[in-house]
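Student: Could you take one part of this structure and walk me through its surroundings in some detail? I would like to see how a single residue fits into its strand, and then how that strand fits into the rest.

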Amino acid sequence: MAPAQSEEHSLFHIERISQYVSLSPASLNQPFPALCASIFSPLLLSYFPPARGIVLEYSDVQLSDKPPPSAQAAKSSRKRSRSQQQDDADNSAPVEPLLLKHVDEYFAPFLWATASLLVWRPARNAYLQGRITHQSKTHITLAHLNTFPVSILKEYLPADWSWHSQETGKLKKGWDGRLSDEGGWWVNGDEKVEGDLTVRIRDFDGRFDGKGRGKGFLRVEGSLLSEEEEKAKRGGKGKQKAITGVLRTQQQREQARGEVIEID
């Protein structure tokens, strides 16, 4: 079984992201809700490459006609308390109107939209907990936070686990395109494997869906083995391949020599 979960990796991050976007002329009367609905809301529960993770929430949306301040200035600005910001707002001059920019003959004006994004970002060798949603002879699928699918291939399951097939010879195609047995489950000793599992993230990959809609997906692969166990397993496979290669070479040499036939 995988070792105990470490607390040194946090999979949740806050990212302050700015985008130079266009605003539909029909939304000029209400630019704030229009930009939230068209720019930030579609990012929810999808992979966003600038944030390097899945966007779970957005907040503190700000619109401006100038590029946002540098990271250092933004950091010092966030340190100010709400009371200080309220006092500054009460004592400051009237807020200047938001000016949008037209580019050539393009009918939609442009502006800067900035928001703080709550991002779920997996990291290699970090641990997470998920509930088993699917089992097959080739892999197990978990659901982390009832949202993110995590796949564990049979190569990364404990060696003492075995597959119990309820119905043989019947296959079905899962949501991820993989063929799996129609019925069955993994067994740990005499116990059926079910419920929640704590797994180590061994690999992940985030990308767009390729349909040009700006949506993206994240593939996460887990392991129930430690790094040392995986290295030992790969080393054992390498030795086995080397032995197989030597035996095959010897067999080919014997065949090349031919058989000796005695003639009276």
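Tutor: Two residues are in contact here when heavy atoms of theirs lie within 4.5 Å of each other. Keep in mind as well that this is a predicted model. Let's look closely at H144.

With neighbours up to four places away in sequence set aside, H144 touches W120, L128, Q129, G130 and V150. One of these, Q129, also offers a polar partner: its backbone oxygen is 2.6 Å from a polar atom of the H144 side chain. Is H144 buried or exposed? Buried is the word for anything under 20% relative accessible area, and H144 counts as buried because its value is 9%.

Now the strand itself. H144 belongs to β6, which covers residues 139–144. The strand is mostly covered, with 6 of its 6 residues buried. Side chains leave β6 in two directions: I140, L142 and H144 point one way, H139, T141 and A143 point the other way, and all are buried.

β6 has a pairing partner before it and another after it in sequence. Strand β5, residues 127–135, runs antiparallel to β6 and pairs with it over 4 bridges. One such bridge joins Q135 to I140 in β6, and the two strands make a hairpin with 3 residues between them. On to β7, residues 148–153: β6 pairs with this strand over 6 bridges, again in the antiparallel sense. Here A143 has P149 in β7 as its bridge partner. β6 and β7 also form a hairpin with 3 residues between them, and L145 in that turn has a positive phi of about 60°.

From the strand we can step into the nonpolar interior. L142 of β6 is among the members with the most contacts in the largest nonpolar core, a group of 24 residues; W120, W161, L197 and V199 are the others that touch the most fellow members. Elements giving two or more residues to this core are β5, β6, β7, β8 (161–173), β11 and β12 (216–223). The core draws at least three residues from each of domain 1 (12–70 + 99–120) and domain 2 (126–236).

W120 deserves a second look, since H144 touches W120 directly. Beyond its neighbours within four places in sequence, W120 contacts L11, F12, G53, I54, L56, L128, H144, F148, L218 and V220. Apart from this core lies another, of 18 residues, which includes L35, L43, V61 and A113. L35 also appears among the buried residues of helix α1 (residues 31–40), alongside A34, C36, I39 and F40. Those buried α1 residues pack against β1, β3 and β4.

Finally, let's turn to the charged pairs. How many salt bridges does the structure hold? There are 8. One takes us back to β5, the hairpin partner of β6: R131 and D196 meet through their side chains, with 3.3 Å from N to O. R131 is in strand β5 and D196 in strand β11, so to speak distant parts of the chain, 65 residues apart. Both ends are partly exposed, D196 having a relative accessible area of 39% and R131 one of 48%.

Another salt bridge joins D203 and R124 at 2.7 Å, N to O. D203 sits in strand β11 (residues 196–208), whereas R124 is in the loop between β4 (110–120) and β5, and the two are 79 residues apart. R124 is partly exposed, at 46% relative accessible area. Salt bridges with shared partners join R124, R202, D203, R219 and E221 into one network.

A third pair is R16 with D60, whose closest N and O atoms are 3.4 Å apart. R16 is in strand β1 (residues 12–22) and D60 in strand β3 (residues 53–64), so this salt bridge ties together parts that are 44 residues apart in sequence. R16 is partly exposed at 26% relative accessibility, and D60 is partly exposed at 45%.

Notes
Residues are numbered from 1 along each chain as its sequence is written. This is a predicted model: local features need pLDDT of at least 70, side-chain atom pairs count only at pLDDT 80 or more; totals for chains, interfaces and linings use all residues. Side-chain values use heavy atoms; hydrogens and water are left out. Buried means under 20% relative accessible area, exposed over 50%, partly exposed in between (1.4 Å probe, protein chains only). A polar contact is a pair of N or O atoms within 3.5 Å; within protein, one must be able to donate a hydrogen and the other to accept it, and residues adjacent in sequence count only if both atoms are side-chain atoms. Two strands pair if DSSP finds at least two bridges between them. A salt bridge is a side-chain nitrogen of Lys or Arg within 4 Å of a carboxyl oxygen of Asp or Glu. A nonpolar core is a set of buried Ala, Val, Leu, Ile, Met, Phe, Trp, Tyr and Cys residues joined through side-chain atoms within 4.5 Å. Domain bounds come from an automatic or database domain assignment.
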